[in-house]
Protein chains: 2
Amino acid sequence: MSETTVPAGIPTLGVLGVPGGDPPDLERLSGRARVEYADEGSLAALLPAVDALLVWDFTSDAVRRAWPGAGPRPGWVHTASAGVDRLLGCPELVGSETVITNARGVFDQPIAEYVAGLVLALAKDFHGSWELQRQRRWRHRETMRLAGTHAIVVGSGPIGRAIGRTLMALGVEVELVGRRERPTDPEFGRIHAGGALDALLPSADWVVCAAPLTESTTGMFDAAAFARMKPTARFVNVGRGAHVVQEDLVEALLSHRIAAAALDVFADEPLPSGSPLWDVPGLLVSPHMSGDTVGWRDDLARQFCDNFDRWAAGEPLFNVVDKQLGYVPDRSAP
Amino acid sequence: MSETTVPAGIPTLGVLGVPGGDPPDLERLSGRARVEYADEGSLAALLPAVDALLVWDFTSDAVRRAWPGAGPRPGWVHTASAGVDRLLGCPELVGSETVITNARGVFDQPIAEYVAGLVLALAKDFHGSWELQRQRRWRHRETMRLAGTHAIVVGSGPIGRAIGRTLMALGVEVELVGRRERPTDPEFGRIHAGGALDALLPSADWVVCAAPLTESTTGMFDAAAFARMKPTARFVNVGRGAHVVQEDLVEALLSHRIAAAALDVFADEPLPSGSPLWDVPGLLVSPHMSGDTVGWRDDLARQFCDNFDRWAAGEPLFNVVDKQLGYVPDRSAP
């Protein structure tokens, strides 16, 4: 439920754009909003003048830096991302009356497909086959049958649920782990509380992280967690880089404590070319793209415009982030 | 329905083994069959002495070469493979009373997973990501959303059906193409006749070959077929190498007539290290392993023993190959 105040007349919408990137398609708002673009350098000056802010460049830290300055602040900030950890890194924004909404929903199915693809690629050792192809070598191997294996998905929001659903469709047994326990769930039977993870990890063939980054999930995949996994377990992270203690993951792979991992997100993005992560044996690296299917930016712009319609009409916004929890609670989605 | 004659007393079972490879686990037949092993060199001498033959090394041409010789022939030949093209390459075996059975069923789910993995890997450009990883380069790209794309699966036997089912579970719209039309089908709505393929190809994002190799399917993927596909189409072959006119596929890839392909089977296997196929841009090569998940040989041995039980009891065998059609017709499976 939003508590934003809708301005009289034509509101001013600030857009934190992608430098050199395509702006959002806001054609639908034509005549209904004065759109002002800002980049990292000009955001601070623009902030006092806007009624609402669209964080189109969600990889930028500009909001966190500009927000604490002087002057009025917009009552509504929408970010074109599922994660809101960057925005919530600004205590002044968290403590304000400003309503934050996010892009919950846009990335669910694409990320679920991406994770299913990674899981299958690891099960079937595509990486090994393509390395052998480079060497022009024919070497038959036996691979893993995916059906009947066991996955733990950490994150019970719409992305985690879509991942779980897709893996189940492939015959995988899935346990979902969320912040709090839900003893019954129509799709997954039950949702486990975060505290149950330690006991669940030893049974997993697959551990997938799709959690929001909060105080309690930061660094949750550390040496102790990897030590609980099977030596044949594979770990996939499509959440945030900071969910993982990267050195601990590298050590777990090098010592064969776990079998393999795939990371789409990193503590430092873009991953510097000098990072040791690029060539750890058994580690697959991709550049934070799991949710970004062709047309994703149009989907993000459309979703924002839908929420703008509500805002302009004085209706409750959807995808309102609980600034204490750090994500959109389940009941808030339309 | 089999018409084999069961011998009185303890029958002799010939096994064409894998040279240097593990023999099948036939423990269950202990005391109920005299098991004689042969390799490519000794099969001709053994054939007149066996009541049944298990073709454990299904990659061998030894049966085709040994069968035309003198003396009695076994009444039952079982091959530990889904494809029977090698056996049916022997006219004397085809023309005989000998019943052929195959491994129908063992490979369905593994191959379906493998194909789903390839399709997702191509949709998400994993190959590109891993090449960039080798170069330590971070390059974000937009990838394809799989749900809502359109696949044609050629082959309506259990392998083709399992592939279709798995792709549908991932949100893909699937058309199955078989030898003859079936206007209604509980899972796929309808099965198209082979003659409909030309008209279907222009609509496909994915074309998957999982057909038996017969006279009418040999070379079916040729320049004309690739010319009907979309420039964005991707082709996957898990059938037999001879389904594809390899030069035509290479030309279609080099001229960007189609976007990409993945081959698990080849006209010549193992693919010679000098083959040009190893480094065609957009072509993924794997060494005929799509169905071979851990434990597959045990599954194959168990399946043979199940059929042996029927044979020994004088009951109809399952998975009886129609030697004219070149595969097990639908109604024959148990």
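1. Let's start with one pair of residues in chain B. B:Leu16 stands opposite B:Val55, which belongs to strand S3(B). The strands involved are S1 (residues 12–16) and S3 (residues 52–55) of chain B, which run parallel and are joined by four bridges. Please keep in mind as you look around that this is a predicted model.

2. Now widen the view to the sheet around that pair. In chain B, five strands make an open sheet with parallel pairing, and their order is S2-S1-S3-S4-S5. Which strands of chain B are at the edges? They are S2 (34–38) and S5 (99–101), each pairing on one side only. From one strand to its neighbour in this sheet, the average turn is 20°, with direction ignored. You can also find helix H11 (residues 296–312) of chain B lying across S1, S3, S4 (76–79) and S5 of that chain. This helix runs at about 165° to S4(B).

3. Chain A is worth the same kind of walk. Its open sheet has five strands in the order S2-S1-S3-S4-S5, with parallel pairing. Why do S2 (34–38) and S5 (99–101) of chain A each have one side without a neighbour in the sheet? Each of these edge strands has a single partner strand, so nothing in the sheet pairs with its other side. The twist averages 20° from one strand to the next.

4. Look next at how S1 and S2 of chain A are joined. S1 (residues 12–16) runs parallel to S2(A), and five bridges link them. One residue to pick out is A:Leu13, whose bridge partner in S2(A) is A:Val35. Helix H11 (residues 296–312) of chain A packs on this sheet, where it touches S1, S3 (52–55), S4 (76–79) and S5 of chain A. The direction of helix H11 makes about 165° with that of S4(A).

5. A:Leu29 is a good residue to click on. You will find A:Leu29 in the loop between S1 and S2 of chain A. Is A:Leu29 buried or exposed? A:Leu29 has 1% relative accessibility, so it counts as buried. Leaving aside neighbours within four places in sequence, A:Leu29 is in contact with A:Leu13, A:Phe304, A:Cys305 and A:Phe308. By contrast, try A:Phe126: the C-alpha atoms of A:Leu29 and A:Phe126 are 46 Å apart, with these positions 97 residues apart along the chain.

6. Chain A is divided into two domains. Domain 1 covers 12–106 + 294–332, and domain 2 covers 108–285. The C-alpha centres of these two domains of chain A lie 30 Å apart. How many residues of domain 1 of chain A are in contact with domain 2? There are 10, and they contact 10 residues of domain 2.

7. A database record adds a label. An unreviewed UniProt entry lists residues 117–290 of chain A as "domain: D-isomer specific 2-hydroxyacid dehydrogenase NAD-binding". That span is 27% helix and 20% strand, and its end C-alpha atoms lie 10 Å apart.

8. Finally, look at how side chains gather. The largest nonpolar core has 118 residues, and those with the most contacts inside it are A:Leu13, A:Ile163, A:Leu167, B:Leu13, B:Ile163 and B:Leu167. Apart from residues up to four places away in sequence, B:Leu167 touches B:Ala116, B:Val119, B:Ala151, B:Val153, B:Val172 and B:Val174.

9. One more residue shows contacts between the chains. B:Gln133 lies in helix H6 (residues 126–134) of chain B. With 8% relative accessibility, B:Gln133 counts as buried. Not counting residues up to four places away in sequence, B:Gln133 touches A:Leu277, A:Trp278, A:Leu283, A:Leu284 and A:Val285.

Definitions and conventions
Residues are numbered from 1 along each chain as its sequence is written. Chains are lettered from A and ligands numbered from 1 in the order in which they are written. This is a predicted model: local features need pLDDT of at least 70, side-chain atom pairs count only at pLDDT 80 or more; totals for chains, interfaces and linings use all residues. Side-chain values use heavy atoms; hydrogens and water are left out. UniProt positions are given in the numbering used here, feature names are shortened, and annotations may be inferred rather than shown by experiment. Helices (H or I, at least four residues) and strands (E, at least two) are DSSP runs, numbered from the N terminus. A nonpolar core is a set of buried Ala, Val, Leu, Ile, Met, Phe, Trp, Tyr and Cys residues joined through side-chain atoms within 4.5 Å. Buried means under 20% relative accessible area, exposed over 50%, partly exposed in between (1.4 Å probe, protein chains only). Contact means heavy atoms within 4.5 Å. Two strands pair if DSSP finds at least two bridges between them. Axes are lines fitted to C-alpha atoms, for helices over the stretch in contact, and angles run from 0 to 180 degrees between N-to-C directions. Domain bounds come from an automatic or database domain assignment.
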